[in-house]
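Open the model in a viewer and keep the sequence panel at hand. The tour goes from one selection to the next and says what is found at each stop.

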Amino acid sequence: MSGDVLELRHLRVAYGSVVALGPVDLTVAPGEVLALLGPSGSGKSTLLHAVAGFQPPAEGEVWLHGHRVAAPDRAEPPERRDVAVVFQSYALWPHLSALDTVAYPARRRGFDRASARRQALGILERLHIDHLARRRPAELSGGEQQRVGLARALAREASLFLFDEPTAHLDTHVRSVFLAELDGRRRASGAAAIYATHDAEEALGLADRVALLDAGRVVQVGTPAEVYDQPVDRWAARLTGIASVLSQDGRRLLVRPGWARLGGDRDGTVRAAWFRGPHSDYTVETAHGDVLIRASGRPRHGIGDRVGWSLDHSWDLAGDDALDQPSTSAGPD
């Protein structure tokens with residue numbers, strides 16, 4: 001029997017005649033965070049819906065803790081699956097206060113009202129939203145509702161958390177608090193998580209492994225370092241961060257901003273310069289295409305300046321037929 005918390009076996013999901021996902025084969029180990037990274041419409045939410053039990057598979061199977069919970073001919077309902085879910089739509093009960101919403105999972109586990117409320121208040125305090133405890137959804141902003149939804153999921157104490165863009169409406173400070181809380185609870189309980197996002201920095205910083213999705217298919221799975229340093233093609237390279245692609249000796253070379261530096265025996269011309277605070281970014285025109293170079297401090301060169309530069313590292317994208325022109329670009333929003 002597999003020791004994985006989750007296993008997807010040749011999972012395919014369709015809406016009518018339109019295939020939205022698959023086939024997908026993925027596993028999630030105990031305590032692991034798997035990030036689903038992809039643009040809008042790539043199938044991230046569909047995959048989470050299938051795992052949660054909100055969407056049946058057209059083909060394949062969903063297994064939780066070695067037990068099959070979904071197949072085309074049968075499926076266990078969401079309430080019988082040991083998962084906690086946070087989706088973008090909030091899904092808060094309109095008649096419950098934030099405190100009672102977060103207390104609900106503990107009440108389901110058999111705690112009395114007072115004990116459940118104490119646990120809920122502790123979670124609200126850690127997310128810095130305890131001042132919202134008595135408010136109902138109609139009295140909360142969209143961002144506040146999302147935070148209450150996050151708190152409710154954390155209170156579930158499930159073995160698998162499903163997060164669909166959970167920080168989309170959170171400011172930077174609350175986002176950091178939530179991610180720290182999620183990681184702390186995961187480590188303490190051994191819970192695993194699937195974290196869907198279009199934010200490459202969030203995916204790379206949070207996950208143990210990252211799955212890149214495009215048009216319902218998994219394009220690449222690997223550690224954050226693997227998908228960033230060794231993308232399978234230019235699409236994957238652009239999705240995971242800023243990517244320059246140079247043409248040299250019939251090869252296509254991926255160059256990340258930290259892999260090239262100013263100073264060296266290669267010639268180039270500055271086409272653009274941006275001050276980013278702790279560093280500056282330069283787009284340098286070279287004989288092999290444009291390359292983005294990152295240097296610490298304020299800009300020391302202006303547009304039109306001739307500069308020397310050197311290349312410390314690159315990744316060979318040879319064989320990628322989509323690479324018709326060298327380009328320098330960031331991943332999608």
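A salt bridge here is a side-chain nitrogen of Lys or Arg within 4 Å of a carboxyl oxygen of Asp or Glu. The model is predicted, and by this rule it holds 13 salt bridges.

**Stop 1: D82 and R156**

Select D82 and R156, whose side chains meet in a salt bridge at 3.9 Å, N to O. The two ends come from distant parts of the chain, 74 residues apart: D82 is in the loop between β6 (74–75) and β7 (83–86), and R156 is in helix α4 (residues 142–156). Colour by accessibility and both ends come out as partly exposed, D82 with a relative accessible area of 31% and R156 at 26%.

**Stop 2: R109 and E157**

Next select R109 and E157, another salt bridge, with 3.6 Å from N to O. R109 lies in the loop between α2 (98–108) and α3 (113–126), and E157 in the loop between α4 and β8 (160–164), so this pair ties together parts that are 48 residues apart in sequence. R109 has a relative accessible area of 34% and is partly exposed. Check the backbone of E157 as well: this residue follows α4 and has a positive phi, near 55°.

**Stop 3: helix α4**

Now show α4 as a whole. This helix has 15 residues and spans 22 Å from its first C-alpha to its last, close to the 21 Å expected at 1.5 Å a residue. How many of its 15 residues are buried? The count is 13, and α4 is mostly covered.

Within α4, pick A155. A155 counts as buried because its relative accessibility is 7%, under the 20% limit. Apart from neighbours within four places in sequence, A155 is in contact with V102, P105, R109 and I123. R109 is thus met again here, as a contact of A155. For a sense of scale, draw a distance from A155 to A225: the two are 70 residues apart in sequence and 31 Å apart in space, C-alpha to C-alpha.

**Stop 4: the nonpolar cores**

Which residues have the most contacts inside the largest nonpolar core? They are V102, L127, F163 and F178, in a core of 47 residues. α4 gives the most to this core, with six residues. Centre the view on V102: leaving aside neighbours within four places in sequence, its contacts are A120, I123, L124, V148, A151, R152 and A155. Another core, of 29 residues, lies apart from the largest one, and V28, L36, V62 and L213 are among its members. In soluble globular proteins, nonpolar side chains tend to be buried together.

**Stop 5: aromatic rings**

Select F163 again, this time with F161. A search of the whole structure finds four aromatic pairs. F161 and F163 form a stacked pair, with 5.6 Å between the centres and 25° between the planes. The pair counts as stacked because planes under 30 degrees apart are classed that way. Are these two residues buried or exposed? F161 is buried at 2% relative accessibility, and F163 is buried at 0%. Add Y195 to the selection, and the aromatic cluster of F161, F163 and Y195 is on screen.

**Stop 6: arginines over tryptophans**

Show R152, already seen as a contact of V102, together with W93. R152 lies over the face of W93, at 4.9 Å from the ring centre. Then move to R266, which lies over the face of W309 at 5.1 Å from the ring centre.

**Stop 7: a strand pair and a network**

Go to D281 and R294, which meet in a salt bridge at 2.7 Å, N to O. D281 is in strand β15 (residues 279–286) and R294 in strand β16 (residues 289–296), so the pair ties together parts 13 residues apart in sequence. The two ends can be coloured by accessibility: D281 is buried, at 1%, whereas R294 is partly exposed, at 33%. For a network of salt bridges, select E7, R9, E61 and R68, which are linked in one.

**Stop 8: helix α1**

Finish at α1 (residues 44–52), a mostly covered helix with seven of its nine residues buried. The buried residues are K44, T46, L47, L48, A50, V51 and A52. G53 follows α1 and has a positive phi, near 100°.

Terms used: Residues numbered from 1 in each chain as written. Predicted model: local features only at pLDDT ≥ 70, side-chain atom pairs only at ≥ 80, totals over all residues. Heavy atoms only, no water. Phe/Tyr/Trp six-rings, centres within 6.5 Å; stacked < 30°, edge-to-face > 60°. Buried < 20%, exposed > 50% of the residue type's maximum accessible area, 1.4 Å probe, protein only. Lys NZ or Arg CZ within 6 Å of the ring centre and 35° of its normal. Helix = DSSP H or I, 4+ residues; strand = E, 2+ residues; numbered from the N terminus. Core = buried A, V, L, I, M, F, W, Y, C linked by side-chain atoms within 4.5 Å. Contact = heavy atoms within 4.5 Å. Expected span 1.5 Å × (residues − 1).
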